[in-house]
Amino acid sequence: MQKIYNSKHLDVVLIIVSLYSIFFVFHKFIGGKIPFWDFHITYCAAKNFFLGNFPYGLNVHENCLDPNITLSVNYSPGTLELIKYFGLINISFANFLWIFFEILSLLTIFYVLKKIYKFNYEWRNFLIFFFSFGGSIFISFISGNVSVILCGLLALGIFFLYKKFFNYYYLIVIFVSFFKFYYLSFLLIPFFLLGFKSLKKIFFSIILFIFVQYLFYINNPELTLAFLDVIQGKYGDVLPIRMQTGTGLYSIIEKMPAMIFESKSLIVSFSSLKINLLIWFILNLIILLSVFYCLHSKTIVTSKAYFLYCISFGILSINLIIPRLVAYDLILTIPVFFYLLNQINYEKLKINKFNIKYFFVFLFFVFFDHHFPFFMTIMFLTFFIYSEFYKKNYFIY
């Protein structure tokens with residue numbers, strides 16, 4: 001990620017996109033949207049849980065939340081135990097602390113980028129990080145979503161992997177998974193790095209996570225069952241939450257029957273949950289094992305870029321596993337896109353009519369559709385697997 005491009009035209013595009021992203025968000029605030037809206041529901045959940053109130057449901061926090069915020073809580077009982085002491089302080093100071101943690105997390109990510117991706121602290125790279133892909137990271141920050149802090153911790157974990165402190169990485173993944181259980185998928189990265197030698201600790205990490213959750217179930221079964229209803233979308237007013245926003249491999253599989261049969265009611269997609277999960281599992285297994293096989297070719301294993309390739313394609317592979325991929329989950333993915341874009345051997349592609357790298361950079365700036373990053377994830381993974389299986393050498397190691 002040292003020198004992504006050298007073009008004054010793209011500089012102009014980047015500046016325009018950055019200004020538009022800022023305008024877009026602040027225009028929403030003028031229209032009544034509340035800054036750091038995701039943190040507000042986190043704070044209200046913590047406060048109500050601390051007071052002993054039931055935390056789940058669409059309207060249970062209306063006495064705490066601003067009327068312009070219509071969100072529900074999807075934290076597990078264990079997570080609520082971790083954050084409930086936010087309820088002891090007023091929302092203004094809690095908001096200040098949350099912003100401080102977000103800034104600290106972004107600084108951690110920048111530090112890790114500097115160390116392992118050779119990220120340069122120039123204005124262009126900062127704007128690219130914050131405002132590419134529709135300002136995904138900027139919007140994640142201004143929303144106050146917990147993923148900003150979690151990704152800061154995961155970046156710290158990646159730095160520990162870089163320093164070969166693997167146990168710290170496992171502990172960090174277990175901790176962040178209490179907030180978003182699907183972040184257990186980050187256990188995939190040690191598997192890509194170490195191979196089957198990592199399975200023992202990965203298995204132990206999963207068992208430890210389940211055991212802790214089971215302890216909370218024993219302590220309060222009703223609350224845990226209510227949380228399971230939340231993540232299935234049973235507190236939604238029309239559709240399960242995962243059907244309303246975001247994308248992802250499972251989401252696409254789930255929506256496919258409604259698209260094929262042109263059904264006006266998406267409920268048709270839920271008639272075969274087990275089949276959806278089976279298809280999702282098989283496709284993931286095929287892709288992940290293919291990526292693993294390619295990463296462990298002699299050429300890549302013996303190259304200096306082996307660690308970066310495992311991290312990069314590990315993060316892209318995790319995007320497949322996350323059922324509902326949204327902007328908040330792309331904080332670590334965005335630098336991966338630009339790193340891999342610089343690693344492509346464009347001379348091998350023999351495309352001389354225009355600079356294809358600049359073309360993709362332009363698309364990364366101007367596409368605001370939330371499906372686009374997932375499309376790019378699929379494209380990079382497919383391109384990598386094709387290149388390695390057919391010995392095309394489309395990547396520079």
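This passage describes confidence, core packing, helix crossings and selected residues in a predicted model.

The mean pLDDT of the protein chain is 87. A value of 70 or more is reached by 90% of the residues. Confidence varies between helices. Helix α7, residues 166-177, has the highest confidence, at a mean of 97. Helix α11, residues 249-260, has the lowest, at a mean of 76. Over residues 236-243, the pLDDT falls below 50. In the model, this stretch still has 21 contacts beyond near neighbours in sequence.

The largest nonpolar core holds 134 residues. Within this core, Phe186, Phe313 and Phe364 touch the most other members. Helix α14, residues 306-321, contributes the most to the core, with twelve residues. The contacts of Phe364 were listed without residues up to four places away in sequence. Phe364 touches several phenylalanines, namely Phe133, Phe337, Phe338, Phe372 and Phe380. Ser132, Leu341 and Met376 are also touched by Phe364.

Two helix pairs were examined. The first is formed by α14 and helix α15, residues 333-343. Their axes come within 10 Å. The crossing angle is roughly 130°. The two helices are therefore oblique to each other. The crossing of α14 and α15 is left-handed. On the α14 side, the contacting residues are Leu308, Tyr309, Ser312, Phe313, Ile315, Leu316 and Asn319. On the α15 side, they are Thr333, Val336, Phe337, Tyr339, Leu340 and Gln343. Two of these residues also appear in the description of the core. Phe313 is one of the three residues that touch the most other core members, and Phe337 is among the contacts of Phe364.

The second pair is α4, residues 91-116, and α5, residues 123-143. The axes of α4 and α5 come within 15 Å. They cross at roughly 150°. Angles over 145 degrees count as roughly antiparallel, so α4 and α5 are roughly antiparallel to each other. Their crossing is right-handed. From α4, the residues in contact are Ile99, Glu102, Ile103, Leu106, Ile109, Phe110 and Leu113. They meet Phe126, Phe129, Phe130, Ile137, Ser140 and Phe141 in α5.

Two loop residues have a positive phi without being glycine. Phe36 has a phi of about 60°. Phe36 is found in the loop between α1, residues 8-30, and α2, residues 37-50. With a relative accessible area of 11%, Phe36 is buried. Lys118 has a phi near 55°. Lys118 lies in the loop between α4 and α5, the helices of the right-handed crossing. Its relative accessible area is 42%, and Lys118 is partly exposed.

Further residues illustrate how separation in sequence and in space can be read together. Tyr75 is located in the loop between α2 and α3, residues 77-83. At 7% relative accessibility, Tyr75 counts as buried. Tyr75 and Thr42 are 33 residues apart in sequence. In space they are 8.6 Å apart, C-alpha to C-alpha. Thr42 is also one of the residues that Tyr75 touches, not counting residues up to four places away in sequence. The other contacts on this list are Tyr56, Leu80, Ile83, Val146, Phe179 and Phe227.

Glu254 lies in helix α11, where mean confidence is lowest. Glu254 counts as buried, at 1% relative accessibility. Glu254 and Ile279 are separated by 25 residues in sequence. Their C-alpha atoms are 9.8 Å apart.

Two other pairs complete the set. Ile16 is in helix α1. This residue is exposed, with a relative accessible area of 53%. Ile16 and Tyr306 are 290 residues apart in sequence. The C-alpha to C-alpha distance between Ile16 and Tyr306 is 36 Å. Phe211 is found in helix α9, residues 199-219. Phe211 is partly exposed, with a relative accessible area of 47%. Phe211 and Lys298 are 87 residues apart in sequence. Their separation in space is 39 Å, C-alpha to C-alpha.

Key. Residues numbered from 1 in each chain as written. Predicted model: local features only at pLDDT ≥ 70, side-chain atom pairs only at ≥ 80, totals over all residues. Heavy atoms only, no water. Core = buried A, V, L, I, M, F, W, Y, C linked by side-chain atoms within 4.5 Å. Buried < 20%, exposed > 50% of the residue type's maximum accessible area, 1.4 Å probe, protein only. Helix = DSSP H or I, 4+ residues; strand = E, 2+ residues; numbered from the N terminus. Contact = heavy atoms within 4.5 Å. pLDDT = per-residue confidence, 0-100. Axes fitted to C-alpha atoms, helices over the stretch in contact; angles between N-to-C directions. Parallel < 35°, antiparallel > 145°, perpendicular 65-115°, else oblique. Left-handed = near helix turned anticlockwise from the far one by under 90°.
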